[in-house]
Amino acid sequence: MPVETDARLQEWERRAQPYLLIASMLFLTSYSIRVLVPGLSPGWYIFWETLTIVSWVVFVAEYLARLTFSRDRWHFVRTRWLDLIVTVLPLLRPLRMIDLHERMQLRRAAPGLGLEARVMAYSGLAALLLGYAASLAVYHVERSAPDANIRTFGNAVWWAASTLTTTGYGDATPVTARGRVIAVGLMFVGVALVGAVVGSFSSYLMRRFRQEGER
């Protein structure tokens, strides 16, 4: 029975990936339109809001299905904590790429250059998507706040870029409690993602130099 349960879980995860990708794209698109498109009619706003909620329900249902198929549910929750976080906070779904990196590394005892290139590519893509999502979220909560200095989406993108890269110029800063919570989360994640890209690139260069030296 345990072997059968693990097989069902792996089969479910394999089959669910394309649908999760579609749901993630729909969630981000619908949320972007609600935030960035001014003057939406009530009908269209309800449509995009409903699409956002339906996409979120898909994430929750998929997580509960995997929890049901797992052999040890408490162990699943503890070891797949990132899945739980991105299910509760779907704007953080780009972080699942980090979990993909870890699984790829576990499958290979000696990562090669191809794997390092994938880590850099996935980390860079995750940083871009997460920065965009954070820009949307901060712009959404900050644009109408009193004394806010992030009143355009361009300001929000500039703030996200400086925060992700840990530069922090300070010319654009959140003033609301929700905005500052988003900022703190982005700071921690930014350090991890930038560190992954820089570390992988440094490892790639060291391998190349070592190979050249051996020749």
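## The cavity

How much space lies in the largest cavity? About 30 Å³. Keep in mind that this is a predicted model. The count of cavities of 30 Å³ or more comes to one.

Who lines the largest cavity? The residues are L20, F59, E62, R66, D83, V86, T87, R93 and R96. By type, that lining splits into three nonpolar residues, one polar and five charged. Helices α2 and α4 each put at least two residues into the lining.

## Around I85 and R96

R96, one of the cavity-lining residues, also turns up in a pair with I85. Eleven residues separate I85 and R96 in sequence, and their C-alpha atoms sit 9.7 Å apart in space. I85 belongs to helix α4. Is I85 buried, partly exposed or exposed? Its relative accessibility is 33%, so I85 counts as partly exposed, between the 20% and 50% cut-offs.

## The second largest pocket

Now for an open space: the second largest pocket has a volume of about 670 Å³. Its lining is made of 24 residues, and L89, L91, L92, A137 and I182 are the ones nearest the pocket's centre. Two or more lining residues come from each of α1, α2, α6 and α8.

What kinds of residue line this pocket? The split is 18 nonpolar, three polar and three charged.

## The nonpolar core

As a rule, nonpolar side chains in soluble globular proteins tend to be buried together. Here, the largest nonpolar core has 23 residues, and the members touching the most other members are L95, L130, I150, W159, L186 and L193. At least two core residues come from each of α1 (2-36), α4 (81-88), α6 (113-142), α7 (153-164) and α8 (177-214). Which helix gives the most to this core? That's α6, with eight residues.

I150 is worth a stop. Setting aside neighbours within four places in sequence, I150 is in contact with V138, E142, R143, N155, A156, W159, A172, T173 and P174. One of those partners, W159, is listed alongside I150 among the core members that touch the most others.

## Aromatic pairs

Next, the rings. There are ten aromatic pairs in the model. In one of them, W44 and F47, the ring centres are 5.5 Å apart and the planes stand at 90 degrees, so the pair is edge-to-face; the cut-off for that label is over 60 degrees. W44 and F47 are three residues apart in helix α2, which means about one helical turn separates them. F47 has a relative accessible area of 42%, so this residue is partly exposed.

Elsewhere, F27, Y31, W56 and F59 make up one aromatic cluster. F59 from that cluster also appears in the lining of the largest cavity.

## An unusual backbone angle

Most residues other than glycine have a negative phi. D147 goes the other way: its phi is positive, about 65 degrees, although D147 is not a glycine. Where is D147 found? In the loop between α6 and α7.

Is D147 buried or exposed? Its relative accessible area is 71%, and the cut-off for exposed is over 50%, so D147 is exposed.

How values were computed:
Residues numbered from 1 in each chain as written. Predicted model: local features only at pLDDT ≥ 70, side-chain atom pairs only at ≥ 80, totals over all residues. Heavy atoms only, no water. Core = buried A, V, L, I, M, F, W, Y, C linked by side-chain atoms within 4.5 Å. Buried < 20%, exposed > 50% of the residue type's maximum accessible area, 1.4 Å probe, protein only. Helix = DSSP H or I, 4+ residues; strand = E, 2+ residues; numbered from the N terminus. Contact = heavy atoms within 4.5 Å. 1 Å grid on protein atoms, 1.4 Å probe; cavity = no way out; pocket = protein on both sides within 12 Å on 5 of 7 lines; lining within 4 Å. Points joined across faces, edges and corners; volume = space filled by probe spheres on them. Nonpolar A, V, L, I, M, F, W, Y, C, P; charged D, E, K, R; others polar. Phe/Tyr/Trp six-rings, centres within 6.5 Å; stacked < 30°, edge-to-face > 60°.
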